[in-house]
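Visitor: I would like to learn how to read a few features of this model. Where do we begin?

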Amino acid sequence: MSASVAAALDDLYDRHLKLTEHTDWAYHRLLPWDRGRDFGKAPWDASQGTLPAAVTLAVETAMLTEVNLPWFTAGLVRLMQAAPDALRQFVHTWTSEEDRHARVLDTYLVLSRNGDPDARSRLVQSVVRVGWEVPGDSPFAVMVYTTLQELATRVFYLNLAQVARSADPVLDRILKTIAKDETLHFAFYRGAVAAYLDADPERVGTVCDIVPLFAMPGSGMPDFAQRMRSASDYGGYGLPEYLEQVIRPILRDWGVWDHQVSAAVEAKRQALKDYLARLARAADRVAARRTALAPDH
Ligand SMILES: [Fe+2]
Ligand SMILES: [Fe+2]
């Protein structure tokens, strides 16, 4: 690895620390404690929910994804063993920031009595038991993946916040607070990948290999397809958003289409173009489905 990449990574990490230095997460001030009631005296039933069912499902799905953090950390630490210092340190800092996401979402759902808390706690256990396998076989490959993941979660939270705002401003604020963390994580990984690409444009080939493999973490959870469909129909996040707000902007930002590459990498780039064309056709079908579902249709 070149000295310029190491220096760029150090700068990115310093910048991350500066930007997060004064973050006031105010976990205790974010949550609606006054809505909490004793489940022994007042058992849960579905009629107590205050959110649209699709919003509850989306918040729960996000929580079930975040809760797998021990496995994300384990996978990243293993893969980053020989990586530059800044990357290894970032994984620690990142873990400390991600750690609050599942907790705040779960506590919100418990306090506001949205969703069945018993079913949810069983789901948490089954999801964490399944764990997560780190995608890619190098720090660079995994960072391509985590960049997509951080941006996808950022867009997911912001779009969901927009849908949730009218139902509960408290939830809106929680989702936006989490999205701020995801934005900074995305910025770090995006910059790290860009530094590696500038040092060796042939790495565009790895980007082309990884992008089609991307799946939202948690794809192993029960009913995941149904959860994603609900998020797409009613939660503001689906294939059209993934394509237009995640994939296309990142590929442009990294200059994937512009780098000078060998014929072998050019072939991978063409394969990625074909993949994106298929994705665009599928996104059109999703958009048509939404139009058909819209209440005034
Ligand atoms: Fe997160
Ligand atoms: Fe994140």
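Guide: With contacts. Contact means heavy atoms within 4.5 Å. Keep in mind that the model is predicted.

Visitor: Which residues does Ser232 touch, leaving out those up to four places away in sequence?

Guide: Tyr237, Gly238, Val286 and Arg290. Ser232 itself sits in helix H10, residues 224–234.

Visitor: Is Ser232 buried or exposed?

Guide: Buried means under 20% relative accessible area. Ser232 has 9% relative accessibility, so it counts as buried.

Visitor: How do I read the packing of H10 with helix H12?

Guide: Take the angle and the distance between axes. H12 spans residues 263–293. The two helices pack at about 65°, with axes 9 Å apart. Angles of 65 to 115 degrees count as roughly perpendicular, so H10 is roughly perpendicular to H12. The crossing is right-handed.

Visitor: Which residues of H10 and H12 meet there?

Guide: H10 brings Arg229, Ser232, Asp233 and Tyr234. H12 brings Val286, Arg289, Arg290 and Leu293. This contact has three nonpolar residues, one polar and four charged.

Visitor: Now the metal. Which protein atoms are donors of the iron ion (ligand 1)?

Guide: Glu66 (OE), listed twice, Glu98 (OE), His101 (ND1) and Glu182 (OE). They lie 2.0 to 2.4 Å from the ion. Along the chain the spacing reads E-x31-E-x2-H-x80-E.

Visitor: Where do Glu98 and His101 lie?

Guide: Both are in helix H5, residues 85–112. They are three residues apart, about one turn of the helix. Both are buried.

Visitor: What does Glu98 coordinate?

Guide: Both the iron ion (ligand 1) and the iron ion (ligand 2), which are 3.9 Å apart.

Conventions. Residues numbered from 1 in each chain as written. Chains lettered and ligands numbered in written order. Predicted model: local features only at pLDDT ≥ 70, side-chain atom pairs only at ≥ 80, totals over all residues. Heavy atoms only, no water. Helix = DSSP H or I, 4+ residues; strand = E, 2+ residues; numbered from the N terminus. Buried < 20%, exposed > 50% of the residue type's maximum accessible area, 1.4 Å probe, protein only. Donors = N, O, S within 2.8 Å, 3.2 Å for Na, K, Ca; no water. Axes fitted to C-alpha atoms, helices over the stretch in contact; angles between N-to-C directions. Parallel < 35°, antiparallel > 145°, perpendicular 65-115°, else oblique. Left-handed = near helix turned anticlockwise from the far one by under 90°. Nonpolar A, V, L, I, M, F, W, Y, C, P; charged D, E, K, R; others polar.
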